[in-house]
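Reader: I keep meeting words like "helix", "buried" and "core", and I'd like to know what backs them up. Can we go through them with a real example?

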Amino acid sequence: MLFKVLLIGKIRDKLVAERIEEYRRRLGAYGKLEVVSLPDGTVESEGRAICRELDRDRNAEIYVLSEEGAEFTSRHLGKTFASLDRKAVFVIGGPFGLAPQVKERATVLWSLSRLTFPHEIAALLLFEQLYRAENLAHGGGYHH
């Protein structure tokens with residue numbers, strides 16, 4: 001599997017960054033993971049930067065994390081990723097949300113929860129769920 005995560009800003013909290021790095025390492029067993037951190041700015045400038053990155057992956061399945069997106073179970077994601085035959089790109093916007101043109105580019109609008117999380121926690125949840133889904137897709141024992 002080939003994953004790419006686009007996120008706005010840097011993960012500044014050391015503990016969160018360490019946990020994200022742990023899931024990144026674990027995901028390496030299932031394929032390649034590319035992480036692109038884009039600079040903070042206005043919602044509009046962040047949107048332009050995200051769209052430029054998305055232009056590089058024209059044939060990818062694009063998952064945009066958004067509060068109005070669909071919610072999925074971890075098992076559903078595992079089944080989805082097991083059958084995915086192309087690169088998957090995941091987009092996490094900045095703390096002030098996403099530009100409309102980014103949401104329009106989504107193959108899937110995905111909500112991690114109806115709750116609102118700090119930007120860094122959303123990133124951690126994404127990486128953990130990517131690992132969990134891939135582990136499920138490969139018959140691992142992480143999900144119990």
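Reader: How do you know that the span of α5 agrees with what is expected for a helix?

Author: This is a predicted model, so the check is on computed positions. The rule multiplies 1.5 Å by one less than the number of residues. For the 19 residues of α5 that gives 27 Å, and the end C-alpha atoms are 27 Å apart, so the two agree.

Reader: And what about α1, how does its reach compare with the expected value?

Author: α1 has 14 residues, and from its first C-alpha to its last it reaches 20 Å, close to the expected 20 Å.

Reader: What makes α5 "mostly covered"?

Author: Buried means under 20% relative accessible area. In α5, 16 of the 19 residues are buried, hence the phrase. Just after this helix comes glycine 139, with a positive phi near 75 degrees.

Reader: Why do we say that the buried residues of α1 line one face of the helix?

Author: The buried ones are Val16, Ile20, Tyr23 and Leu27. Looking down the axis of α1, they fall within an arc of 60 degrees, so they sit along one face. The face turned away from them carries Lys14, Leu15 and Arg25, which are exposed. As for what covers the buried residues, β1, β2 and α5 are among the elements that do.

Reader: What makes aspartate 13 a cap for α1?

Author: One of its side-chain oxygens lies 3.0 Å from the backbone nitrogen of leucine 15. The cut-off for a polar contact is 3.5 Å, so the pair qualifies, and aspartate 13 caps the N-terminal end of α1.

Reader: Which residues touch the most other members of the largest nonpolar core?

Author: That core has 26 residues, and the ones touching the most other members are Phe3, Val5, Phe81, Phe90, Trp110, Leu126 and Leu130. The largest share, 7 residues, comes from α5. There's also a second, separate core of 17 residues, including Leu6 and Ile62.

Reader: Which residues does phenylalanine 90 touch?

Author: Leaving out residues up to four places away in sequence, its partners include Phe3, Tyr63, Phe81, Trp110 and Leu130.

Reader: Last one: why is the chain called as compact as a globular protein of its length?

Author: The globule rule gives 15 Å for 144 residues, and the radius of gyration is 14 Å, which is close, so the description fits. The chain has 5 helices and 5 strands, in the pattern β-α-β-α-β-α-β-α-β-α.

Terms used
Residues are numbered from 1 along each chain as its sequence is written. This is a predicted model: local features need pLDDT of at least 70, side-chain atom pairs count only at pLDDT 80 or more; totals for chains, interfaces and linings use all residues. Side-chain values use heavy atoms; hydrogens and water are left out. A nonpolar core is a set of buried Ala, Val, Leu, Ile, Met, Phe, Trp, Tyr and Cys residues joined through side-chain atoms within 4.5 Å. Buried means under 20% relative accessible area, exposed over 50%, partly exposed in between (1.4 Å probe, protein chains only). Helices (H or I, at least four residues) and strands (E, at least two) are DSSP runs, numbered from the N terminus. Contact means heavy atoms within 4.5 Å. The arc is that of the directions from the helix axis to the C-beta atoms. A polar contact is a pair of N or O atoms within 3.5 Å; within protein, one must be able to donate a hydrogen and the other to accept it, and residues adjacent in sequence count only if both atoms are side-chain atoms. The radius of gyration is taken over C-alpha atoms; the globule rule is 2.2 Å times the number of residues to the power 0.38.
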